[in-house]
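Here is a short briefing on one protein chain. Keep the sequence and the 3D view open as you read.

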Amino acid sequence: SEVVVAECGEDREEEILARIGEAAAHYVETTLESGEIIGISSWSESLLRMVDNIHPVKPPGADEVVQILGGMGNPSVQAHATNLTVRLAKLTRATPLLLSTQGVASSAGAKAVLLSDPFVRSTMNEFSRVTMALVGIGAVEPSKLLADSGNVFTDAELTELGKLGAVGDICLNFFDKNGREIDSSLAERVIGIRLEQLRAVRRVVGVAGGARKTEALLGALRGALIDVLITDRFTAEKLVSPDNHQPPRAGKARK
């Protein structure tokens, strides 16, 4: 329903990240509602840039900032996920709720054990109360940040996703070119918000750009997986190319 296109001088990933980070920060600052419950994904470089650019909001601010994808992983990069949630909470005068478990369990059985932790369950129970979700949109090939985290699938699993038609993911929920969720056993290992839960969120804001994200962004738009897109002008031009025209699916029911 809304697109924010950031001016960008170069069609280069680092430049794009900087500009969409600034645009996303301005969007959050100017649209945040009092008492909002913000959900934020971990392991997103674009969201890291957004938080880097946000100015402290005026009182009363948000109510909670909820981490909606597990963030535990390689200790050398673990701080990214925690800082993303804690810093955004401080800037929006909210209470941070961390999802203190890994994003990808080693097996479905291991996931069940991790979900039995009362602190993990407490945070996940807040997913249904999120009013604004801030998410990155990933390509099937993981970003360096995600790869370094240890929360990634094996080459064989990525090959399987490709054969199933996956083009991208939101919070490690993979979808095809039309935004339909990929039915894969891999989903049994992910600890985080599910696509059906995201559909119930009043406002889902996707922050992403760059040539390698084009196919994933098209899928997210066609499937009405996001309500607001924040991207750069080079990516926007690719998205509106006549070659990519295809009617989107009906949007989700609004609260």
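V205 stands opposite V228, a residue of β10. This pair belongs to the match between β9 and β10, which run parallel and share 3 bridges. Keep in mind that the model is predicted.

**The seven-stranded sheet**

- β9 and β10 sit inside an open sheet of 7 strands, ordered β1-β10-β9-β5-β2-β3-β4.
- The pairing in this sheet is parallel.
- β1 and β4 are the edge strands, and each of them pairs on one side only.
- On average, neighbouring strands here are turned by 15° against each other, ignoring direction.

**Around strand β3**

- Strand β3 covers residues 64-67, and both of its faces are covered.
- On one side E64 and V66 are buried. On the other side V65 and Q67 are buried.
- One partner of β3 is strand β2 (residues 37-40), joined to it in the parallel sense over 4 bridges.
- Within that pairing, I38 has V65 of β3 as its bridge partner.
- How does the chain get from β2 to β3? It passes through helix α2 (residues 45-53), and this β-α-β crossover is right-handed.
- Another partner of β3 is strand β4 (residues 95-97), also parallel, with 3 bridges.
- There, E64 stands opposite T95 of β4.

**Helix α1**

- Helix α1 takes in residues 13-31, which makes 19 residues.
- Does its length fit, or not, with 1.5 Å a residue? The expected span is 27 Å and the end C-alpha atoms are 26 Å apart, so the two agree.
- α1 lies across β1, β5, β9 and β10. Its direction is at about 145° to that of β10.
- Many residues of α1 are listed as buried, among them I16, L17, I20, A23 and Y27.
- What covers the buried residues of α1? The cover includes β1 (2-6), α2, β5 (132-135), β9 (203-207) and β10 (228-232).

**V4, a residue of β1**

- V4 is located in strand β1.
- V4 has a relative accessible area of 22%, so it counts as partly exposed. The cut-off for buried is under 20%.
- Leaving aside residues up to four places away in sequence, V4 touches A23, Y27, L229, I230 and T231.
- V4 and I20 are 16 residues apart along the chain, and 8.9 Å separates their C-alpha atoms.

**The three-stranded sheet**

- A second open sheet has 3 strands in the order β6-β7-β8. Its pairing is antiparallel.
- Which strands form its edges? They are β6 (138-139) and β8 (173-175), and each pairs on one side only.
- β6 meets strand β7 (residues 168-170) in the antiparallel sense, over 2 bridges.
- In that pairing, G138 has D169 of β7 as its bridge partner.
- Helix α9 (residues 214-222) lies across β6, β7 and β8. The helix runs at about 90° to β8.

**R194 in a loop**

- R194 belongs to the loop between β8 and α8 (195-199).
- Is R194 buried or exposed? Its relative accessibility is 15%, so it counts as buried.
- R194 touches N173, E181 and A187, again not counting residues up to four places away in sequence.

**G162 in a helix**

- G162 is part of helix α7 (residues 155-163).
- With a relative accessible area of 45%, G162 is partly exposed.
- G162 and E141 lie 21 residues apart in sequence. In space they are 9.7 Å apart, C-alpha to C-alpha.

**Cysteines**

- C8 is at 1% relative accessibility, so it counts as buried.
- C171 is buried too, and its relative accessible area is 3%.
- A disulfide is a covalent bond between the sulfur atoms of two cysteines.
- How many disulfides are there? With a cut-off of sulfur atoms within 2.5 Å, the count is 0.

Conventions: Residues are numbered from 1 along each chain as its sequence is written. This is a predicted model: local features need pLDDT of at least 70, side-chain atom pairs count only at pLDDT 80 or more; totals for chains, interfaces and linings use all residues. Side-chain values use heavy atoms; hydrogens and water are left out. Two strands pair if DSSP finds at least two bridges between them. Contact means heavy atoms within 4.5 Å. Axes are lines fitted to C-alpha atoms, for helices over the stretch in contact, and angles run from 0 to 180 degrees between N-to-C directions. Buried means under 20% relative accessible area, exposed over 50%, partly exposed in between (1.4 Å probe, protein chains only). A crossover is right-handed if, with the strands pointing away from the viewer, the path from the first strand over the helix to the second runs clockwise. The expected span of a helix is 1.5 Å times one less than its number of residues.
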